[in-house]
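The following account leads the reader through one protein chain, from single side chains to the whole fold. Please keep the structure in view while reading.

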Amino acid sequence: MESVFILSGETGEALVEHQCAGSRHGASAGASCVENLWQEILRTEGLSLGGGAKSETYQNKTKEEVPTVIALPQCYVFHVRSDPLIFGCSTQREVPPLKALEFLSHLVDVCVEYFGQELTEDEIKDNACTIYQLLDEMLDGGVPFLTETNILKEMIAPPRLLTRMANALRIGSQVSETLPDSAASNIPWRRSNPRYANNEIYVDMIEELDVTIDQSGMLSNIGIYGQVMANCKLSGVPDLQIKFKNPQLLEECRFHPSVRYLKYASERIVSFVPPDGGFKLMSYKINSQAARSVQKTIIPFYVKPQITYTKESGRISIMAGIKGENGKIPEQVSIKIPLPSTTTTCDISSTVGSVEVKKGTGTAIWRIGKLKRDRPACLNATIACTNATSESPTFEVSFQLQGQALSGLEVDSMEVSNVKYKPYKGVRYITRSGFFQIRT
C-alpha cells in the first residue's frame, strides 16, 4: 500500500491522507486517487457529480453497488465503508485484495477502540494527529506490521481531555519513549508478564439474525452470523481451551492470530494464549441447515403491519408483542417505517415509545424499547399522500435479546491452564438484529 486515507461519506473530503514510506507516487498522485475514487462512487451510484454532497437518491442505493476494489488508470483503490466515513488505500503494486481490505477493516476497529463506537467526521478531524501516529506504527513501508490494539495502546495513548490539551499546547508527546513490554515477549499479542489482583476472563457470544419475512408471515430467507468477544485479565501466560457443545453448527470461521488453527481443524477446540484486555477471538456463520431449523423455533416476538392506501391518503397500523409465556423479552426494539414518496402530512400516535419522522429520508422510526408481556405495542398513522396505491413498503426491525443465542450454540467448557491461581470465568449470550425485514 502506498497511501491510506479516510474520506467523508457525504462530501468526499479527505479527512486523513497518509503517504506510506517508500511510496512510488507523491502527495499529488495520492490526492488524484482519492478524487478519482470519489468520482467513481458518485458515478456508480448514479448521483450528480457537480453537487458535491450526495442527494436523497443515495439513501435508496445499497452500499454493495460500489465495488470495494476499483481499478483506476494510475493505481488500484480499495475501500470499506463505516458510515458516515469511507476508509481506503491505494497502490500501484500487485497486492492481494483481501489483505488490503482486511487491513482497512482492522483500521476501522482500531479507530472504534480509540475514539468510540460512533465515528464521525468531527471525531476524525479532532484526532487526526493520533491517527497519523497509529498509521506510522501499523504500517512498515506500506506493509501491515503492528495491528494488535492492546500493543498500540501501550505505544500511543488513547486521546483524553488532558492529552488533547497537551497536544494543543504542544506539551510532551502521545507516543511512548520506550518499547512496550510485548516487544520483549515471544508472544507478540501479549505483554511479557502482566499481573492482576483479580484474575478473570469474560466471553460474549454475540449473534446477528438476518431475516426476511414475506407477505404471508413466513421466513423466506434467514442467516445467522456471530462473533466471540473476550476480555482477558489474567496474570502470567495462561493457556485457554474453549469447547462448544455443538461445534458442527459452525462454518466460515475466522480466528484471532493467537488461535491454534490445526487443533481446531482436528478436534474442534479453540486453543490459544489470549491477548491482554479486550479482543475479538473469532467470527463465524451458522451453517445453512441449522439456520433453517430456526424457522421451526419460535422467534420470541411478532411484528404485524397493516397498510391501506388510497389515491389521496393512507393508513398504517403496526402491532408488536411477545410470543408465548416463557420466551426472552426483546429489548431496544425499534421499527423503521417507510412512508410514501408523495407524503405531504403524517399524523402518528403510539401506545408505547416514541416516534421520529425523518422527512429527508421519507421514513419514520418507532422506538419501542423493551416489549411488555402483558400487552402489545400499537402504532397508528394517518398519511396524506397522492398515488401511493402501488407501493409495497418493507419494514426494518432492530432488537436485542439478552441471555439467548437463537442458533443454539453453547460453550461447553472453558479451561485455563499453565497458571497456579483459580480464575473467574463468565460467558454471556446476546442475539441482535442484523438485516431484519418484513415485506408487505
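Is phenylalanine 399 buried or exposed? With a relative accessible area of 4%, phenylalanine 399 is buried, because buried means under 20% relative accessible area. This value, like every other one below, is computed from a predicted model.

The aromatic partner of phenylalanine 399 is phenylalanine 436, and the two ring centres lie 5.5 Å apart. Their planes stand at 90°, so the pair is edge-to-face; the cut-off for that class is an angle over 60 degrees. Phenylalanine 436 is buried as well, at a relative accessible area of 5%. In sequence the two residues are 37 positions apart, with phenylalanine 399 in strand 21 (residues 394-402) and phenylalanine 436 in strand 23. The pair thus links distant parts of the chain.

The structure holds eight aromatic pairs. A pair of aromatic rings is described by the distance of the centres and the angle of the planes. Another of these pairs brings together tyrosine 202 and tyrosine 424, whose ring centres are 5.9 Å apart. Here the planes meet at 55°, so the pair is tilted. This contact also links distant parts of the chain: tyrosine 202 belongs to strand 8 (residues 200-213) and tyrosine 424 to strand 23 (residues 424-439), 222 residues apart. Tyrosine 202 counts as partly exposed, because its relative accessibility is 35%.

Elsewhere, Phe255, Tyr261 and Tyr264 form one aromatic cluster. A ring may also face a charge: the charged end of lysine 304 sits over the ring of tyrosine 302, 4.9 Å from the ring centre.

Tyrosine 302 and lysine 304 lead to the next topic, a sheet. Which strands form this open sheet, and in what order? Four strands take part, in the order 14-15-20-17, and their pairing is antiparallel. Strand 14 (301-309) and strand 17 (345-350) stand at the edges; each has a single partner strand, so one side of each is left without a neighbour in the sheet. From one strand to the next, the twist averages 10°. Strands of a sheet pair through backbone hydrogen bonds, either parallel or antiparallel. At one edge, six bridges join strand 17 to strand 20 (residues 377-384), and these two strands run antiparallel. Within strand 20, asparagine 380 stands opposite serine 349.

The backbone has some local features that merit attention. Aspartate 83 and proline 84 are joined by a cis peptide bond, with omega at about 5°. Proline 84 is located in the loop between strand 4 (76-82) and strand 5 (85-91). Arginine 268, although not a glycine, has a positive phi of about 55°. The loop between helix 7 (261-267) and strand 12 (269-272) contains arginine 268. With a relative accessibility of 36%, arginine 268 counts as partly exposed. Glutamine 332, a residue other than glycine, likewise has a positive phi, near 55°, but glutamine 332 is placed in strand 16 (residues 331-338).

The chain as a whole can now be considered. It has eight helices and 23 strands. Of its 440 residues, 45% count as buried. Among contacts between residues at least 6 apart in sequence, 70% join residues at least 24 apart. The chain exposes about 22600 Å², of which carbon and sulfur atoms supply 48%.

How values were computed. Residues numbered from 1 in each chain as written. Predicted model: local features only at pLDDT ≥ 70, side-chain atom pairs only at ≥ 80, totals over all residues. Heavy atoms only, no water. Phe/Tyr/Trp six-rings, centres within 6.5 Å; stacked < 30°, edge-to-face > 60°. Buried < 20%, exposed > 50% of the residue type's maximum accessible area, 1.4 Å probe, protein only. Lys NZ or Arg CZ within 6 Å of the ring centre and 35° of its normal. Pairing = 2+ DSSP bridges. Axes fitted to C-alpha atoms, helices over the stretch in contact; angles between N-to-C directions. Contact = heavy atoms within 4.5 Å. Areas by Shrake-Rupley, 256 points an atom, 1.4 Å probe, with all protein chains shown as cover.
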